[in-house]
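Before reading on, please place the sequence and the three-dimensional view side by side. The paragraphs that follow move from backbone geometry to charged pairs and then to the surface.

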Amino acid sequence: MSSRVYRVMHRTRYTYNDDVSSSYGRCYLTPRELPGQRVHSTVVEIDPEPDDRSTGVDVYGNHDSYFHVRTAHRELTVTAHSVVEVDPVDRGLLYGAAARAPWESARPAVADTREARLAAEFVLDLDPPEITPAVREYAAQVFTPGRPLIEAVTDLTTRIFTDFTYRSGATAISTRVDTVMRRREGVCQDFARVAIACLRSVGLAARYESGYLATDPPPGQEKVYGADASHAWAAVWLPDDRWLPFDPTNDKLVDERHVTLAWGRDYEDVPPLRGVIYTDSTKSHIDVSVDVSPLDDPTADPVGGPPSGARSPEPGTAG
């Protein structure tokens, strides 16, 4: 299978019922350069034009963008455009010796190398704690003594996909893992965080990864431009200093359909966009539109309208 090229558009629009005198924002909307992922072009547009803006790299190697708008406004739009090429998964490397070894050998405390000591940060629980008795009990069903790591991770992926129901709006960004465990429903962010808590509960290093998943329209229907969404998954550290990413929401290992934006210990490390505003506004509304479209030419301009054959979303359908 050949590499896939995608044009990614992620637009966030805030509207207010009174003037905003000042908006500060920070976003993680620039895809990462990885051994199996190449960023051919990327740009983040902000309207109104910021009075101050900068870009940087955080402690995890993610690219972030900061901006400050001091022009009075009642609407703020942040749009990221990128052209990204993703390679197929190397199955030989994926199922190498480190992945086939007993899962216990992937504990950073056991590996005891410089790379393992760096990965050890991703074993630590969050504050407030997410590793509860329910998480430990769930993980214990998967991580039985001596089981190959790849087998255990695949099992965990399938169990979460089977045991939990995807329901948009069932949770919020602040929803705790214990609540998701009890309700057995949520969205991709919740399922990634459940998987991460399970991995950490047995001493494995796990990280939260954000990005996009290329989707196809139902048979006989046109692709709706802008109706895709952000996505999230988890990854576990291997003692050969690779990370094995997997997607519990779709019961699969991460492959060439996934575009990686950023990663950290949790969602709070890499939110797509967060900020502070100064205003007397009493009402606000946020509208998010995402599109991941295949391209033939990796040198294509990232900024553009719907590709041929796509139709724009009707009001309220994006998100």
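In which loop is Pro 128 found? Pro 128 belongs to the loop between helix H4, residues 114-119, and H5, and the model in which it is placed there is a predicted one. The peptide bond that leads from Asp 127 into Pro 128 is cis, with omega near 5°. A cis peptide bond also joins Asp 47 and Pro 48, where omega is about 5°, and Pro 48 sits in the loop between E2 and E3.

The backbone deserves attention at two further positions. Arg 184 is not a glycine and nevertheless has a positive phi of about 60°; this residue is part of the loop between H7 and E7 and, with a relative accessible area of 30%, is partly exposed. Asp 241, likewise a residue other than glycine, has a positive phi near 65°, and its place is the loop between strand E9, residues 230-237, and strand E10, residues 243-247. Asp 241 counts as partly exposed at 39% relative accessibility.

Turning to the charged side chains, the structure holds 18 salt bridges. One of these pairs Glu 85 with Arg 38, with the closest N and O atoms 3.4 Å apart. Because Glu 85 lies in strand E5, residues 73-86, while Arg 38 lies in strand E2, this pair ties together parts that are 47 residues apart in sequence. Glu 85 is buried, its relative accessible area being 15%, whereas Arg 38, at 26% relative accessibility, counts as partly exposed.

A second salt bridge is formed where the side chains of Glu 185 and Arg 167 meet, at 2.1 Å from N to O. Here Glu 185 lies in strand E7, residues 185-186, and Arg 167 in the loop between strand E6, residues 165-166, and helix H7, residues 177-183, so the pair ties together parts that are 18 residues apart in sequence. Glu 185 counts as buried at 17% relative accessibility, and Arg 167 counts as partly exposed at 42%.

What do the side chains of Asp 266 and Arg 193 form? They meet in a salt bridge, with an N to O distance of 2.8 Å. Asp 266 is located in the loop between E12 and E13 and Arg 193 in helix H8, residues 188-201, so that parts 73 residues apart in sequence are tied together by this pair. Asp 266, at 10% relative accessibility, counts as buried, and Arg 193 is buried with a relative accessible area of 8%. The pair also belongs to a network, in which salt bridges that share partners join Glu 130, Arg 176, Arg 193 and Asp 266.

Helix H5, which spans residues 133-140, contains Val 135, a residue that is buried with a relative accessible area of 0%. The C-alpha atoms of Val 135 and Val 194 are separated by 7.7 Å, although the two residues are 59 residues apart along the chain.

Another acidic residue, Asp 255, is found in the loop between strand E11, residues 252-253, and strand E12, residues 258-264. Asp 255 counts as buried at 12% relative accessibility, and a polar atom of its side chain lies 2.9 Å from the backbone nitrogen of Arg 257.

On the surface, which residues form a negative patch? The patch is made up of Glu 45, Asp 47, Glu 49, Asp 51 and Asp 52. Asp 47 has already appeared as the residue joined to Pro 48 by a cis peptide bond, and Glu 49 is found in the loop between strand E2, residues 37-47, and strand E3, residues 52-57. Glu 49 is exposed, because its relative accessible area of 55% is over the 50% required for that class.

The surface also carries a nonpolar patch, formed by Tyr 24, Val 276 and Tyr 278, which together have about 290 Å² of accessible area. Within this patch, Tyr 278 has its place in strand E13, residues 273-279, and at 47% relative accessibility it counts as partly exposed.

Technical notes: Residues are numbered from 1 along each chain as its sequence is written. This is a predicted model: local features need pLDDT of at least 70, side-chain atom pairs count only at pLDDT 80 or more; totals for chains, interfaces and linings use all residues. Side-chain values use heavy atoms; hydrogens and water are left out. Patches are made of residues with over 30% relative accessible area and no salt bridge: like charges are joined within 9 Å, nonpolar side chains (Val, Leu, Ile, Met, Phe, Trp, Tyr) within 5 Å. Accessible areas come from the Shrake-Rupley method with a 1.4 Å probe; for residues, only the protein chains shown count as cover. A salt bridge is a side-chain nitrogen of Lys or Arg within 4 Å of a carboxyl oxygen of Asp or Glu. Lys and Arg count as positive and Asp and Glu as negative; His and the chain ends are not counted. The place of a charge is taken as NZ of Lys, CZ of Arg, CG of Asp or CD of Glu. Helices (H or I, at least four residues) and strands (E, at least two) are DSSP runs, numbered from the N terminus. Buried means under 20% relative accessible area, exposed over 50%, partly exposed in between (1.4 Å probe, protein chains only). A polar contact is a pair of N or O atoms within 3.5 Å; within protein, one must be able to donate a hydrogen and the other to accept it, and residues adjacent in sequence count only if both atoms are side-chain atoms.
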